[in-house]
Protein chains: 2
Amino acid sequence: MTVGELEASEETMALRVVGALRDEIVTMALKPGDVISESDIAGRYGVSRQPVREAFIRLAQQGLLLIRPKRATIVKKISPDGVRQSRFIRESIEVEIIRRVAARPGDAEAVLAELIAGQETASAADDNLGFHALDELFHRTLARLAGVEYAWQLIDDHKMQLDRVRFLTLGVSSSQRAIAEHKEIAAAVAAGDSAGAEAAMRAHLARAEVLLSQTIADHPDYFEPVH
Amino acid sequence: MTVGELEASEETMALRVVGALRDEIVTMALKPGDVISESDIAGRYGVSRQPVREAFIRLAQQGLLLIRPKRATIVKKISPDGVRQSRFIRESIEVEIIRRVAARPGDAEAVLAELIAGQETASAADDNLGFHALDELFHRTLARLAGVEYAWQLIDDHKMQLDRVRFLTLGVSSSQRAIAEHKEIAAAVAAGDSAGAEAAMRAHLARAEVLLSQTIADHPDYFEPVH
DNA sequence: CGCACGCATCTACCATACAAGATTGAGGAA
DNA sequence: TTCCTCAATCTTGTATGGTAGATGCGTGCG
């Protein structure tokens, strides 16, 4: 597989390689279990081994690569247990966020309504990518409203694991249903109903759960064996 | 300041430098705002710039260093807002953990009682360091009992920010009170009282909150200005 | 035939040299 | 005095060569 040159930019080579590799991994162009090497990637992107090496370190810390010293570097297989726990973390934080927002709705209602309207537009136009972006923005906005945007950044880091699974289930998810659930959350927030908002958020996040086992069955070699 | 050589070990140089620098930062031997350079650290530890550089990258991703390209690398100042949000994350996750454990106590009661007994021994012997270790183990054990030990690892990463604050308030904290609160949590867990366990955990974590503003007042130059 | 040894050949790790942006301070002109 | 210019000298970024450990395969011995 040949890869186009990295476009020139302000950032350093190392960071550009990080971005390029992350995209390849999340979109499954690089598959879990694939063996890569510094020289290999360096050659493909037309840079030296040094920035590639630093990119490997960053991606390894984010859980996307596994560096086996003096042996090889491989694209980390998806850990079912890791996915489960990433969801646990996300649910813990998002539930706490929605509680806080519901406790002091402020101008949340108007902001959320606008976002949901945008999602309906994207969904009607079959703009899957746009919808995904707005979906993410919905959750990020809730974090901002709760005054903990930094916490969302944390979720974002660990969300890459989930994004790989999401990519494997593309098309399966129903944006209609997601929008309905978003409305339910927004309504509970507007009403200041903490308990209701929490329950709605839990239900919203739980929906993705059922897809995992099916995905594992479809692509068993992309996942770590249970031990 | 001169630093002893790194003891020989199996791991790579880069990882040893990471550990050494992390300790220096958390214990405030390297103070927030201090300017360091790859060459400087390399000379002090007797290695080349390369492993030091890789250590910098890792520590920067963990939020302890700030790399300003072509300029300098500095020990990141503590962000009061970051501390607040790190606590938010920790509370979110720990509350969810304690709920799960309380919902299925299992053999939690015996395990927790044993840990608390150890803490009392350490406290009676004025073994502050040992008590701290057992305190951490208490929370980690709860995560294990909930089946989400990986989630604790996440907290651990972001706990370094909090540890720097904790180091500044050493001696202030009362281990007696912490033990009493641990007992309260364990009792609620044993009784299967989810709501009570959650409330006890929130109170336990909230106790540290009051110390922050005092600490900022004592060491204003260690913290980022509010913007 | 089966197994152990050794060598060719991978890998990531580390050291060193060079490149290029950023800072600082000295020195000269207005 | 004040301000601008520029060069010395910091910094991190990148390239490349050499090193040591791990792997796999072929060979030769039992």
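**Contacts with DNA strand C and the symmetry of the two chains**

An N or O atom in the side chain of K70(B) sits 3.3 Å from a sugar or linking oxygen of DNA strand C. The model is a predicted one, and the polar contact of K70(B) makes a handy starting point for a tour of the surface near the strand.

Chain A offers polar contacts of its own. In R53(A), a polar side-chain atom is found 2.7 Å from a phosphate oxygen of DNA strand C. R71(A) instead uses a backbone N or O atom, which lies 3.2 Å from a sugar or linking oxygen of the strand. Both R53(A) and R71(A) are listed with R49(A), M13(B) and S48(B) as the closest of the 21 residues that surround DNA strand C. On the DNA side, sugar or phosphate accounts for 77% of the strand's atoms within 4 Å of the protein, and bases for the rest.

By residue type, the surface near DNA strand C comprises nine charged, seven nonpolar and five polar residues. At least two residues each come from α3 (49–61) and β3 (72–75) of chain A, and from α1 (13–26) and α3 (49–61) of chain B. Of the contributing elements, α3(B) gives the most, namely three residues.

Turning to the protein pair, chain A superposes on chain B through a rotation of 180° with a shift of 0.1 Å along the axis, at an RMSD of 0.1 Å. The two copies are therefore related as by a two-fold rotation axis. Within chain A, S92(A) has the C-alpha nearest this axis, at 2.7 Å. Both copies use the same surface, as 100% of the contact residues of chain A recur in chain B.

How values were computed
Residues are numbered from 1 along each chain as its sequence is written. Chains are lettered from A and ligands numbered from 1 in the order in which they are written. This is a predicted model: local features need pLDDT of at least 70, side-chain atom pairs count only at pLDDT 80 or more; totals for chains, interfaces and linings use all residues. Side-chain values use heavy atoms; hydrogens and water are left out. Copies are superposed by least squares on the C-alpha atoms of residues with pLDDT of at least 70 in both. Contact means heavy atoms within 4.5 Å. A residue is near a molecule or strand if one of its heavy atoms lies within 4 Å of it. A polar contact is a pair of N or O atoms within 3.5 Å; within protein, one must be able to donate a hydrogen and the other to accept it, and residues adjacent in sequence count only if both atoms are side-chain atoms. Helices (H or I, at least four residues) and strands (E, at least two) are DSSP runs, numbered from the N terminus. Ala, Val, Leu, Ile, Met, Phe, Trp, Tyr, Cys and Pro count as nonpolar, Asp, Glu, Lys and Arg as charged, and the others, Gly among them, as polar.
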